[in-house]
Amino acid sequence: MSKAVFWMMAGGTALQAYGKYQEGKTLKQLNEYNAAIQENNKVLADRKLANDLFEKKKRFRRFEGLALVSKAKTGLAIDFGSMVDLSEEAAFESEWETAKIKYNAEVMKAGYTAKAQKALFVGESAYYAGKIGAASTLLTGGSETYKYGQEVELYG
């Protein structure tokens, strides 16, 4: 009976250690996957930036065209006075909106980079915690199993 208990203790210790190792390995893989998603989000942010800039450019052209048509309907020249001021102000606002769109995209991408790096760090930490947990289990369980073997005089 004592030999059976000894081998059950040894087997249980090994299985527990293997489980801890596998848990760490799985968490690492999960976090690598999460990091890949965040990297993909950066690519999507670039695409969104391009779309936002294109839409903003269309709105600005539409506004500029409507302003010119409105001014021309009045019969006044469109190359002096308030029309020039309006065009300059519209161009300034357009550039300001472009800068804001680009800034927001860069902030978003930086956030995705940080999330990806965090996920990789957490994954590596979980992997090493799993390996250390497995080693600790082997040492602790192995020591207890060895002591039990001595108590039941299994070694000779």
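## Salt bridges between the two helices

E97 is partly exposed, with a relative accessible area of 29%. In this predicted model, E97 forms a salt bridge with R59, and the closest N and O atoms of the two side chains are 2.5 Å apart. Because E97 belongs to helix 2 and R59 to helix 1, this pair ties together parts that are 38 residues apart in sequence. R59 counts as partly exposed as well, at 41% relative accessibility. A further group, made of D46, E106 and K109, is joined into one network by salt bridges that share partners.

The structure holds seven salt bridges. Another of them joins the side chains of E124 and K28, with an N to O distance of 3.1 Å. This pair links distant parts of the chain, since E124 is in helix 2 and K28 in helix 1, 96 residues apart. With a relative accessible area of 30%, E124 is partly exposed.

## A salt bridge within helix 1

The side chains of K42 and E39 also meet in a salt bridge, at 3.5 Å from N to O. Here both partners lie in helix 1, three residues apart, which is about one turn of the helix. K42 has a relative accessible area of 21% and is therefore partly exposed, the limit for a buried residue being under 20%. E39 is likewise partly exposed, with a relative accessible area of 37%.

## Aromatic pairs and the ring of Y127

A search of the whole structure finds three aromatic pairs. In one of them, the rings of Y21 and Y127 have centres 6.0 Å apart and planes at 55 degrees, so the pair is tilted. Y21 lies in helix 1 and Y127 in helix 2 (residues 82-151), so the pair ties together parts that are 106 residues apart in sequence. Ring pairs link Y21, Y127 and Y128 into a cluster.

The two rings of the tilted pair can also be described by their accessibility. Y127 is buried, with a relative accessible area of 16%, whereas Y21 counts as partly exposed at 26%. The assignment of Y127 follows from the cut-off, because buried means under 20% relative accessible area.

Y127 has a charged neighbour in addition to its aromatic partner. K28 lies over the face of Y127, at 4.7 Å from the ring centre. K28 is also the residue whose side chain meets that of E124 in a salt bridge. K28 thus takes part in a contact with the ring of Y127 and in a salt bridge with E124.

## A nonpolar patch on the surface

L27, L30, Y33 and I37 make a nonpolar surface patch of about 350 Å². One of these residues, L27, is placed in helix 1 (residues 2-73). L27 is partly exposed, with a relative accessible area of 33%. This value lets L27 enter the patch, because patch residues need over 30% relative accessible area.

## Overall form of the chain

The chain contains two helices and zero strands. Its C-alpha atoms fill a box of roughly 115 × 15 × 15 Å, taken along the principal axes. The radius of gyration is 34 Å, while a compact globule of 156 residues would have a value near 15 Å. Of the 156 residues, 23% count as buried.

Distances between chosen residues add detail to this picture. K73, which is placed in helix 1, is 35 residues from Q38 in sequence, and the C-alpha atoms of K73 and Q38 are 52 Å apart in space. K73 counts as exposed, at 70% relative accessibility. Q16 is also found in helix 1, and Q16 is partly exposed with a relative accessible area of 45%. Q16 and L44 are 28 residues apart in sequence and 42 Å apart in space, from C-alpha to C-alpha.

Notes
Residues are numbered from 1 along each chain as its sequence is written. This is a predicted model: local features need pLDDT of at least 70, side-chain atom pairs count only at pLDDT 80 or more; totals for chains, interfaces and linings use all residues. Side-chain values use heavy atoms; hydrogens and water are left out. Patches are made of residues with over 30% relative accessible area and no salt bridge: like charges are joined within 9 Å, nonpolar side chains (Val, Leu, Ile, Met, Phe, Trp, Tyr) within 5 Å. Accessible areas come from the Shrake-Rupley method with a 1.4 Å probe; for residues, only the protein chains shown count as cover. A salt bridge is a side-chain nitrogen of Lys or Arg within 4 Å of a carboxyl oxygen of Asp or Glu. Helices (H or I, at least four residues) and strands (E, at least two) are DSSP runs, numbered from the N terminus. Buried means under 20% relative accessible area, exposed over 50%, partly exposed in between (1.4 Å probe, protein chains only). Rings of Phe, Tyr and Trp (its six-membered ring) pair if their centres lie within 6.5 Å; planes under 30 degrees apart count as stacked, over 60 as edge-to-face and the rest as tilted. A charge sits over a ring if NZ of Lys or CZ of Arg is within 6 Å of the ring centre and within 35 degrees of the ring normal. The radius of gyration is taken over C-alpha atoms; the globule rule is 2.2 Å times the number of residues to the power 0.38.
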